[in-house]
Amino acid sequence: MTVMSHDWMLVETLGDEPAVVAQGDRTTDMVPISTFLRRHPHLMAIQTAIGETVRAGGGLTSITPKNDRVIRTEVVQMSDGRIHGVHVWLGAPDEEPPPRPMVGPLIWDLTEGTATDTRESLVVGGWDPDRQPTHGRAFVDDLPRRDLKPSEAQVLSMIIEPQVGVSICNTWDVTDYRGEQITVGFVARSVPEVFDDGSEHLICRAMNWRSVREGSGIQHDLLAQKIIEGLAVPGVHRALVDPRHWTLLKWLDEPAPFFDWRAGLVSIEAVHPDDRAAMAAMAAEFDAGVTSGVLRVLDRSRRWTPIHVTVHRVELDDGVYAGLAALREPTAVELSTVGLDGDRPAERTRKSYSRKGRSADAGKA
(Lines give C-alpha, C1' and ligand atoms only; values in the text may rest on other atoms or scores of the structure.)
Protein backbone atom coordinates (compact mmCIF):
# COMPACT_ATOMS: atom_id res chain seq x y z
CA MET A 1 0.00 0.00 0.00
CA THR A 2 1.32 3.44 -0.98
CA VAL A 3 1.02 6.06 1.74
CA MET A 4 0.20 9.51 0.41
CA SER A 5 2.59 12.17 1.57
CA HIS A 6 1.35 15.36 3.21
CA ASP A 7 2.09 17.18 -0.08
CA TRP A 8 -0.29 17.85 -2.94
CA MET A 9 -0.44 15.02 -5.47
CA LEU A 10 -0.68 16.02 -9.14
CA VAL A 11 -2.57 13.72 -11.50
CA GLU A 12 -2.85 14.04 -15.27
CA THR A 13 -6.44 13.44 -16.38
CA LEU A 14 -6.28 13.23 -20.19
CA GLY A 15 -5.85 9.46 -20.44
CA ASP A 16 -8.19 6.56 -19.77
CA GLU A 17 -7.28 6.70 -16.07
CA PRO A 18 -5.85 9.55 -13.97
CA ALA A 19 -2.08 9.15 -13.69
CA VAL A 20 0.11 10.43 -10.87
CA VAL A 21 2.88 12.66 -12.24
CA ALA A 22 4.14 14.42 -9.10
CA GLN A 23 3.96 14.41 -5.30
CA GLY A 24 4.95 17.83 -4.09
CA ASP A 25 8.12 18.64 -6.02
CA ARG A 26 9.00 15.03 -6.84
CA THR A 27 8.16 13.84 -10.33
CA THR A 28 6.73 10.36 -10.84
CA ASP A 29 6.44 8.43 -14.09
CA MET A 30 2.73 8.74 -14.98
CA VAL A 31 1.69 5.87 -12.68
CA PRO A 32 -2.05 5.04 -12.91
CA ILE A 33 -3.62 6.13 -9.67
CA SER A 34 -5.10 2.67 -9.04
CA THR A 35 -1.54 1.31 -9.15
CA PHE A 36 0.05 4.16 -7.23
CA LEU A 37 -2.50 3.90 -4.38
CA ARG A 38 -3.04 0.16 -4.62
CA ARG A 39 -4.89 -1.10 -1.50
CA HIS A 40 -4.96 2.44 -0.09
CA PRO A 41 -8.04 2.67 2.19
CA HIS A 42 -9.20 5.91 0.51
CA LEU A 43 -8.45 5.00 -3.13
CA MET A 44 -12.10 4.89 -4.24
CA ALA A 45 -12.90 8.17 -2.49
CA ILE A 46 -9.91 9.86 -4.13
CA GLN A 47 -10.86 8.50 -7.56
CA THR A 48 -14.40 9.76 -7.07
CA ALA A 49 -13.16 13.20 -6.00
CA ILE A 50 -10.95 13.48 -9.09
CA GLY A 51 -13.78 12.49 -11.43
CA GLU A 52 -16.22 14.93 -9.83
CA THR A 53 -13.62 17.71 -9.99
CA VAL A 54 -13.11 17.23 -13.73
CA ARG A 55 -16.85 17.14 -14.36
CA ALA A 56 -17.47 20.22 -12.23
CA GLY A 57 -14.51 22.10 -13.69
CA GLY A 58 -13.40 23.42 -10.33
CA GLY A 59 -11.92 22.48 -6.98
CA LEU A 60 -13.92 20.54 -4.42
CA THR A 61 -13.75 19.49 -0.77
CA SER A 62 -15.16 16.12 0.31
CA ILE A 63 -15.14 13.86 3.36
CA THR A 64 -14.12 10.20 3.21
CA PRO A 65 -16.81 7.63 4.13
CA LYS A 66 -15.52 7.20 7.71
CA ASN A 67 -15.30 10.98 8.20
CA ASP A 68 -11.66 10.65 9.21
CA ARG A 69 -10.07 12.41 6.22
CA VAL A 70 -10.72 15.43 4.04
CA ILE A 71 -10.00 15.34 0.29
CA ARG A 72 -9.30 18.66 -1.36
CA THR A 73 -8.90 19.11 -5.09
CA GLU A 74 -7.96 21.94 -7.47
CA VAL A 75 -7.96 21.89 -11.27
CA VAL A 76 -5.11 22.66 -13.67
CA GLN A 77 -7.00 24.26 -16.54
CA MET A 78 -5.77 25.50 -19.90
CA SER A 79 -6.87 28.92 -21.18
CA ASP A 80 -9.21 27.20 -23.66
CA GLY A 81 -11.12 25.65 -20.75
CA ARG A 82 -9.77 22.10 -21.05
CA ILE A 83 -8.64 20.52 -17.77
CA HIS A 84 -5.19 18.95 -18.00
CA GLY A 85 -4.89 17.70 -14.44
CA VAL A 86 -6.07 17.79 -10.85
CA HIS A 87 -4.17 18.54 -7.65
CA VAL A 88 -5.26 16.29 -4.74
CA TRP A 89 -4.58 16.63 -1.01
CA LEU A 90 -5.63 14.20 1.72
CA GLY A 91 -5.48 15.16 5.39
CA ALA A 92 -7.22 15.21 8.74
CA PRO A 93 -10.32 17.41 9.05
CA ASP A 94 -8.53 19.84 11.36
CA GLU A 95 -5.42 20.12 9.15
CA GLU A 96 -4.65 22.76 6.53
CA PRO A 97 -2.87 21.69 3.33
CA PRO A 98 0.57 23.12 2.54
CA PRO A 99 0.87 25.80 -0.16
CA ARG A 100 -0.09 24.32 -3.51
CA PRO A 101 2.79 24.17 -6.01
CA MET A 102 2.32 26.21 -9.17
CA VAL A 103 1.47 24.09 -12.22
CA GLY A 104 1.47 25.51 -15.73
CA PRO A 105 -0.81 24.11 -18.44
CA LEU A 106 0.25 24.59 -22.07
CA ILE A 107 -0.53 23.17 -25.50
CA TRP A 108 1.45 22.54 -28.66
CA ASP A 109 -0.41 22.38 -31.96
CA LEU A 110 1.68 19.73 -33.68
CA THR A 111 -0.24 20.27 -36.93
CA GLU A 112 0.32 24.03 -37.12
CA GLY A 113 3.69 24.10 -35.36
CA THR A 114 2.68 26.67 -32.72
CA ALA A 115 2.65 26.73 -28.93
CA THR A 116 0.20 28.35 -26.51
CA ASP A 117 1.32 28.94 -22.95
CA THR A 118 -0.21 30.31 -19.80
CA ARG A 119 1.44 32.78 -17.46
CA GLU A 120 1.94 29.90 -15.02
CA SER A 121 3.72 27.69 -17.56
CA LEU A 122 6.07 30.56 -18.46
CA VAL A 123 6.92 31.20 -14.80
CA VAL A 124 7.49 27.51 -14.08
CA GLY A 125 9.58 27.11 -17.24
CA GLY A 126 11.95 29.90 -16.27
CA TRP A 127 10.76 32.57 -18.73
CA ASP A 128 9.97 36.18 -17.86
CA PRO A 129 6.14 36.20 -18.08
CA ASP A 130 6.06 39.97 -18.55
CA ARG A 131 8.18 39.79 -21.70
CA GLN A 132 6.96 36.59 -23.33
CA PRO A 133 3.73 36.17 -25.32
CA THR A 134 1.41 33.33 -24.38
CA HIS A 135 -0.13 32.76 -27.83
CA GLY A 136 1.41 32.12 -31.22
CA ARG A 137 4.73 31.05 -29.75
CA ALA A 138 7.16 28.96 -31.78
CA PHE A 139 8.31 25.62 -30.36
CA VAL A 140 11.81 27.08 -30.18
CA ASP A 141 10.45 29.62 -27.68
CA ASP A 142 9.14 26.88 -25.38
CA LEU A 143 12.13 24.53 -25.33
CA PRO A 144 15.14 25.44 -23.16
CA ARG A 145 17.87 27.25 -25.05
CA ARG A 146 21.43 25.98 -25.16
CA ASP A 147 21.09 23.46 -22.33
CA LEU A 148 20.94 19.99 -23.91
CA LYS A 149 18.71 17.51 -22.10
CA PRO A 150 18.75 13.73 -22.62
CA SER A 151 14.95 13.68 -22.32
CA GLU A 152 14.52 16.29 -25.06
CA ALA A 153 14.96 13.68 -27.78
CA GLN A 154 11.53 12.32 -26.85
CA VAL A 155 9.92 15.74 -27.03
CA LEU A 156 11.62 16.66 -30.30
CA SER A 157 10.66 13.29 -31.81
CA MET A 158 7.04 13.97 -30.86
CA ILE A 159 7.20 17.24 -32.82
CA ILE A 160 9.02 15.90 -35.88
CA GLU A 161 6.93 12.73 -36.26
CA PRO A 162 3.62 13.48 -34.54
CA GLN A 163 1.61 10.43 -33.50
CA VAL A 164 -1.63 10.07 -31.58
CA GLY A 165 -1.40 8.79 -28.01
CA VAL A 166 2.26 9.57 -27.29
CA SER A 167 2.86 10.50 -23.65
CA ILE A 168 6.01 11.74 -21.90
CA CYS A 169 6.76 12.50 -18.25
CA ASN A 170 10.23 13.65 -17.22
CA THR A 171 12.35 16.45 -15.76
CA TRP A 172 15.08 18.67 -17.12
CA ASP A 173 17.40 21.29 -15.70
CA VAL A 174 17.01 24.80 -17.09
CA THR A 175 18.81 28.11 -16.74
CA ASP A 176 16.02 30.63 -16.15
CA TYR A 177 15.93 34.21 -17.42
CA ARG A 178 17.70 35.40 -14.24
CA GLY A 179 20.58 32.99 -14.85
CA GLU A 180 19.58 30.63 -12.03
CA GLN A 181 19.52 26.83 -12.35
CA ILE A 182 16.07 25.29 -11.89
CA THR A 183 14.59 21.83 -12.45
CA VAL A 184 11.29 21.58 -14.30
CA GLY A 185 9.01 18.56 -14.32
CA PHE A 186 6.66 18.11 -17.24
CA VAL A 187 4.07 15.74 -18.65
CA ALA A 188 2.75 15.80 -22.22
CA ARG A 189 0.21 13.77 -24.20
CA SER A 190 -0.75 14.01 -27.90
CA VAL A 191 -4.46 13.87 -28.65
CA PRO A 192 -6.48 14.54 -31.86
CA GLU A 193 -8.95 17.42 -31.60
CA VAL A 194 -11.52 18.83 -34.05
CA PHE A 195 -11.54 22.61 -34.42
CA ASP A 196 -14.55 24.86 -35.03
CA ASP A 197 -13.90 24.88 -38.80
CA GLY A 198 -14.11 21.08 -38.90
CA SER A 199 -10.36 20.51 -39.31
CA GLU A 200 -8.60 17.95 -37.12
CA HIS A 201 -5.34 18.89 -35.43
CA LEU A 202 -2.97 16.79 -33.38
CA ILE A 203 -2.60 18.66 -30.10
CA CYS A 204 -0.01 18.02 -27.41
CA ARG A 205 -1.50 19.01 -24.04
CA ALA A 206 1.03 19.40 -21.26
CA MET A 207 1.71 20.61 -17.73
CA ASN A 208 4.93 21.75 -16.06
CA TRP A 209 5.96 22.30 -12.44
CA ARG A 210 9.11 22.99 -10.42
CA SER A 211 10.73 19.70 -9.50
CA VAL A 212 13.88 18.27 -7.98
CA ARG A 213 16.59 16.35 -9.83
CA GLU A 214 17.19 12.85 -8.53
CA GLY A 215 19.95 10.45 -9.55
CA SER A 216 22.98 11.14 -11.73
CA GLY A 217 21.18 12.69 -14.67
CA ILE A 218 22.55 16.14 -13.96
CA GLN A 219 26.11 14.91 -14.57
CA HIS A 220 24.97 13.54 -17.93
CA ASP A 221 23.47 16.94 -18.70
CA LEU A 222 26.66 18.76 -17.73
CA LEU A 223 28.78 16.49 -19.90
CA ALA A 224 26.49 16.94 -22.89
CA GLN A 225 26.50 20.69 -22.38
CA LYS A 226 30.31 20.79 -22.25
CA ILE A 227 30.41 18.93 -25.58
CA ILE A 228 27.97 21.41 -27.12
CA GLU A 229 29.90 24.40 -25.80
CA GLY A 230 33.21 22.91 -26.94
CA LEU A 231 31.97 22.77 -30.54
CA ALA A 232 30.80 26.39 -30.57
CA VAL A 233 32.27 28.69 -33.24
CA PRO A 234 32.12 32.50 -32.94
CA GLY A 235 29.59 33.97 -35.37
CA VAL A 236 27.89 30.62 -36.00
CA HIS A 237 24.52 29.94 -34.42
CA ARG A 238 23.50 26.28 -34.21
CA ALA A 239 19.96 25.02 -33.89
CA LEU A 240 17.92 21.85 -34.30
CA VAL A 241 15.25 22.09 -37.00
CA ASP A 242 12.23 20.06 -38.06
CA PRO A 243 13.02 18.75 -41.57
CA ARG A 244 9.31 18.54 -42.47
CA HIS A 245 8.77 22.31 -42.42
CA TRP A 246 12.32 23.58 -41.71
CA THR A 247 11.05 25.24 -38.55
CA LEU A 248 13.42 25.94 -35.68
CA LEU A 249 12.98 23.68 -32.66
CA LYS A 250 15.84 24.46 -30.30
CA TRP A 251 18.80 26.81 -30.20
CA LEU A 252 22.10 25.22 -29.16
CA ASP A 253 23.81 28.62 -29.13
CA GLU A 254 22.42 32.08 -28.52
CA PRO A 255 19.72 32.88 -31.13
CA ALA A 256 20.99 34.44 -34.36
CA PRO A 257 20.41 38.22 -34.35
CA PHE A 258 20.64 38.79 -38.11
CA PHE A 259 17.26 37.39 -39.26
CA ASP A 260 13.70 36.93 -38.01
CA TRP A 261 14.03 33.34 -36.85
CA ARG A 262 10.52 33.31 -35.38
CA ALA A 263 9.20 33.56 -38.95
CA GLY A 264 10.88 30.25 -39.74
CA LEU A 265 14.24 29.08 -41.01
CA VAL A 266 13.80 28.18 -44.68
CA SER A 267 10.05 27.63 -44.79
CA ILE A 268 8.32 28.50 -48.06
CA GLU A 269 6.86 31.71 -46.58
CA ALA A 270 10.12 32.92 -45.08
CA VAL A 271 12.40 32.47 -48.11
CA HIS A 272 12.72 34.89 -51.02
CA PRO A 273 10.67 33.72 -54.04
CA ASP A 274 13.77 33.60 -56.25
CA ASP A 275 15.52 31.26 -53.78
CA ARG A 276 12.79 28.66 -53.43
CA ALA A 277 14.18 26.40 -56.16
CA ALA A 278 17.51 26.44 -54.34
CA MET A 279 15.69 25.70 -51.09
CA ALA A 280 14.00 22.67 -52.69
CA ALA A 281 17.38 21.44 -53.94
CA MET A 282 18.84 21.80 -50.45
CA ALA A 283 15.93 19.83 -49.00
CA ALA A 284 16.66 17.01 -51.44
CA GLU A 285 20.35 17.09 -50.56
CA PHE A 286 19.48 16.92 -46.86
CA ASP A 287 18.03 13.43 -47.37
CA ALA A 288 21.56 12.32 -48.24
CA GLY A 289 23.00 13.71 -45.02
CA VAL A 290 24.22 17.31 -45.41
CA THR A 291 23.43 20.41 -47.44
CA SER A 292 24.51 24.04 -47.50
CA GLY A 293 23.82 27.26 -49.34
CA VAL A 294 22.97 30.96 -49.17
CA LEU A 295 19.31 31.90 -48.92
CA ARG A 296 17.54 35.20 -48.47
CA VAL A 297 15.19 35.26 -45.49
CA LEU A 298 13.28 37.95 -43.66
CA ASP A 299 15.02 40.07 -41.07
CA ARG A 300 13.27 41.83 -38.18
CA SER A 301 12.53 44.89 -40.32
CA ARG A 302 10.78 42.60 -42.86
CA ARG A 303 13.45 43.00 -45.51
CA TRP A 304 15.27 40.20 -47.25
CA THR A 305 18.71 39.41 -45.87
CA PRO A 306 21.09 36.63 -46.98
CA ILE A 307 22.24 33.95 -44.54
CA HIS A 308 24.51 30.97 -45.02
CA VAL A 309 22.89 27.72 -43.94
CA THR A 310 24.56 24.34 -43.40
CA VAL A 311 22.30 21.50 -42.27
CA HIS A 312 23.45 18.04 -41.15
CA ARG A 313 21.10 15.09 -40.78
CA VAL A 314 21.14 13.73 -37.21
CA GLU A 315 19.19 10.84 -35.69
CA LEU A 316 17.38 11.79 -32.50
CA ASP A 317 15.69 8.46 -31.93
CA ASP A 318 15.24 5.21 -33.80
CA GLY A 319 14.28 6.32 -37.31
CA VAL A 320 13.54 9.93 -36.26
CA TYR A 321 15.80 12.51 -37.89
CA ALA A 322 16.28 16.21 -37.25
CA GLY A 323 18.42 18.80 -38.94
CA LEU A 324 21.41 20.30 -37.12
CA ALA A 325 21.66 23.74 -38.72
CA ALA A 326 24.65 26.09 -38.54
CA LEU A 327 23.63 29.66 -39.42
CA ARG A 328 25.94 32.58 -40.08
CA GLU A 329 26.28 35.69 -42.19
CA PRO A 330 27.73 34.84 -45.63
CA THR A 331 31.11 36.02 -46.82
CA ALA A 332 31.52 38.39 -49.76
CA VAL A 333 32.79 35.50 -51.87
CA GLU A 334 29.71 33.40 -51.05
CA LEU A 335 27.42 36.31 -51.92
CA SER A 336 29.21 36.84 -55.20
CA THR A 337 28.99 33.15 -56.06
CA VAL A 338 25.19 33.18 -55.86
CA GLY A 339 24.89 36.58 -57.54
CA LEU A 340 23.99 38.74 -54.56
CA ASP A 341 25.24 42.18 -53.56
CA GLY A 342 26.70 42.01 -50.09
CA ASP A 343 26.25 45.74 -49.43
CA ARG A 344 22.54 45.58 -48.54
CA PRO A 345 19.67 43.09 -48.31
CA ALA A 346 17.86 42.26 -51.53
CA GLU A 347 14.25 43.41 -51.94
CA ARG A 348 11.47 41.38 -53.58
CA THR A 349 11.70 40.84 -57.31
CA ARG A 350 9.35 39.28 -59.82
CA LYS A 351 12.20 38.04 -61.96
CA SER A 352 13.20 34.42 -61.83
CA TYR A 353 16.77 33.22 -62.14
CA SER A 354 18.45 29.88 -61.97
CA ARG A 355 20.76 29.66 -58.99
CA LYS A 356 23.90 29.47 -61.10
CA GLY A 357 22.78 32.11 -63.55
CA ARG A 358 21.47 34.70 -61.11
CA SER A 359 23.12 38.02 -61.77
CA ALA A 360 24.17 40.61 -59.28
CA ASP A 361 21.11 42.65 -60.33
CA ALA A 362 18.88 40.13 -58.58
CA GLY A 363 20.33 41.27 -55.28
CA LYS A 364 19.51 44.90 -56.11
CA ALA A 365 15.96 44.34 -57.37
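**Notebook: an open sheet and its surroundings**

I started with the sheet: it is open, has 6 strands in the order β9-β8-β7-β12-β11-β10, and pairs in the antiparallel sense. At its edges I found β9 (137-138) and β10 (167-175), each of which pairs on one side only. I note that the model is a predicted one.

Next I looked up what packs on this sheet. Helix α5, residues 152-160, does, and I found it touching β7, β10, β11 (181-194) and β12 (200-210). I read an angle of about 120° between the direction of α5 and that of β10.

I then took one strand pair by itself. Strand β7 covers residues 103-109 and strand β8 covers residues 114-116; they pair antiparallel over 3 bridges. Which residue is the bridge partner of D109 in β8? I found T114.

Cysteines came next. How many disulfides does a search of the whole structure find? The search returned 0. I also checked whether two cysteines are buried or exposed. C169 has 13% relative accessibility, so it counts as buried, the cut-off being under 20%. C204 has 1% relative accessibility and therefore also counts as buried.

Last, I noted the totals for the protein. I counted 8 helices and 17 strands. The protein has 365 residues, and 50% of them count as buried. Its exposed area is about 17,500 Å², with 51% supplied by carbon and sulfur atoms. For contacts with a separation of 6 or more, I recorded that 53% are between residues 24 or more positions apart.

Technical notes
Residues numbered from 1 in each chain as written. Predicted model: local features only at pLDDT ≥ 70, side-chain atom pairs only at ≥ 80, totals over all residues. Heavy atoms only, no water. Helix = DSSP H or I, 4+ residues; strand = E, 2+ residues; numbered from the N terminus. Buried < 20%, exposed > 50% of the residue type's maximum accessible area, 1.4 Å probe, protein only. Contact = heavy atoms within 4.5 Å. Areas by Shrake-Rupley, 256 points an atom, 1.4 Å probe, with all protein chains shown as cover. Pairing = 2+ DSSP bridges. Axes fitted to C-alpha atoms, helices over the stretch in contact; angles between N-to-C directions. Disulfide = S-S within 2.5 Å.
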